[in-house]
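Here is a friendly walk through one protein chain, meant for someone seeing it for the first time. Have a look at the picture, then read on.

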Amino acid sequence: MDNEQLNNEETVEEVTEETVEAVETEEVAEEVVVEEAVVEEPVEEPVLKFGLDVQPEYPGGLTEAMKVVAANTKYPAEAKANGWEGKVICTLIVEKDGSVSSVKVMRSSGYTVLDDEAVRAFSTLSNWAPGQKDGKPVRAQVMLPLQFKL
């Protein structure tokens, strides 16, 4: 009987240790799930290119926007020295609050220094009236050209 009792005790100990390990494993798994939920990135709202009820508008219109860009554009010294000219077409996003983000070159002039200057100059535009869809402000893409000519 002593042997049976000893075997039963060993079995009880083994089950108890396995149960503890299983419980600890479940707790760790629950923690990982919680961490994954916290790490989720927010979903960015879409940018509309077409189908707007009201297009984004710069105060004073596009003519005024281009005057501001021209005033803020500095012809790069390297481009001047080499006689580089060209047209850069950029896209930018007018955010729901009227600020500008994500200025990118759509069509290059063929000269990186001119492209970079166009991106910098268009980034100075701010305070747009945002585009609207169904009476609500939305993120909208605008495409603008900048001609570099000596």
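What follows is a short tour of this chain, from its overall layout down to single residues.

**The overall layout**

Keep in mind as you look around that this is a predicted model. The chain has four helices and five strands. Start at the N terminus and walk along, and you meet the elements in the order α-α-α-β-β-α-β-β-β. The chain has 150 residues, and 26% of them are buried. How much of the contact in the chain comes from residues 24 or more positions apart? If you take the contacts with a separation of 6 or more, such pairs account for 74%.

**Two helices that cross**

Let's begin with helix α2, which covers residues 61–72, and helix α4, which covers residues 112–123. Their axes lie 9 Å apart, and the helices pack at an angle of about 125°. Because of that angle, α2 counts as oblique to α4. As for the handedness, the crossing of α2 past α4 is right-handed.

Which residues make the contact? From α2 come Met 66, Val 69 and Asn 72, and from α4 come Glu 117, Arg 120, Ala 121 and Phe 122. Sorted by character, the residues of this contact are four nonpolar, one polar and two charged.

**Salt bridges**

How many salt bridges does the chain have? The count comes to two. One of them ties Arg 120 to Glu 117, with 2.5 Å from N to O. Both residues sit in helix α4, three residues apart, which is about one turn of the helix. Are the two partners buried or exposed? Arg 120 is partly exposed, because its relative accessibility is 33%, while Glu 117 is buried, because its relative accessible area is 9%, under the 20% cut-off. You have met both names already: Glu 117 and Arg 120 also take part in the contact with α2.

The other bridge joins the side chains of Arg 139 and Glu 95, at 2.7 Å from N to O. This pair links distant parts of the chain, with the two positions 44 residues apart. Arg 139 is in the loop between β4 (136–138) and β5, and Glu 95 is in the loop between β1 (86–94) and β2 (100–107). Arg 139 has a relative accessible area of 9%, so it counts as buried. Glu 95 comes out at 17%, so it is buried as well.

**Among the strands**

Now for the strands. Thr 91 is part of strand β1, and at 5% relative accessibility it counts as buried. What does Thr 91 touch, once residues up to four places away in sequence are set aside? Its contacts are Ser 102, Val 103, Lys 104, Met 106, Gln 141, Val 142 and Met 143.

That last name is worth following. Met 143 is in strand β5, which runs over residues 140–148. Apart from neighbours within four places in sequence, Met 143 is in contact with Ile 89, Cys 90, Thr 91 and Met 106. Val 105 makes a handy comparison of sequence and space: Met 143 and Val 105 are 38 residues apart along the chain, and 9.5 Å apart from C-alpha to C-alpha.

**Loops to look at**

Two loop residues have a positive phi although neither is a glycine. Here they are side by side.

| Residue | Phi | Loop | Relative accessibility |
|---|---|---|---|
| Asn 127 | near 65° | between α4 and β3 (131–133) | 59%, exposed |
| Asp 134 | about 55° | between β3 and β4 | 62%, exposed |

Why do both count as exposed? Because exposed means over 50% relative accessible area, and Asn 127 is at 59%, with Asp 134 at 62%.

One more loop residue rounds off the tour. Gln 55 is in the loop between α1 (2–39) and α2. With a relative accessible area of 48%, Gln 55 is partly exposed. What is Gln 55 in contact with, beyond its neighbours within four places in sequence? The answer is Pro 130 and Gly 131. Gln 55 and Gly 131 are 76 residues apart in sequence, yet in space their C-alpha atoms are 4.6 Å apart.

Definitions and conventions: Residues are numbered from 1 along each chain as its sequence is written. This is a predicted model: local features need pLDDT of at least 70, side-chain atom pairs count only at pLDDT 80 or more; totals for chains, interfaces and linings use all residues. Side-chain values use heavy atoms; hydrogens and water are left out. Axes are lines fitted to C-alpha atoms, for helices over the stretch in contact, and angles run from 0 to 180 degrees between N-to-C directions. Angles under 35 degrees count as roughly parallel, over 145 as roughly antiparallel, 65 to 115 as roughly perpendicular and the rest as oblique. A crossing is left-handed if the near helix is turned anticlockwise from the far one by less than a right angle, and right-handed if clockwise. Contact means heavy atoms within 4.5 Å. Ala, Val, Leu, Ile, Met, Phe, Trp, Tyr, Cys and Pro count as nonpolar, Asp, Glu, Lys and Arg as charged, and the others, Gly among them, as polar. A salt bridge is a side-chain nitrogen of Lys or Arg within 4 Å of a carboxyl oxygen of Asp or Glu. Buried means under 20% relative accessible area, exposed over 50%, partly exposed in between (1.4 Å probe, protein chains only).
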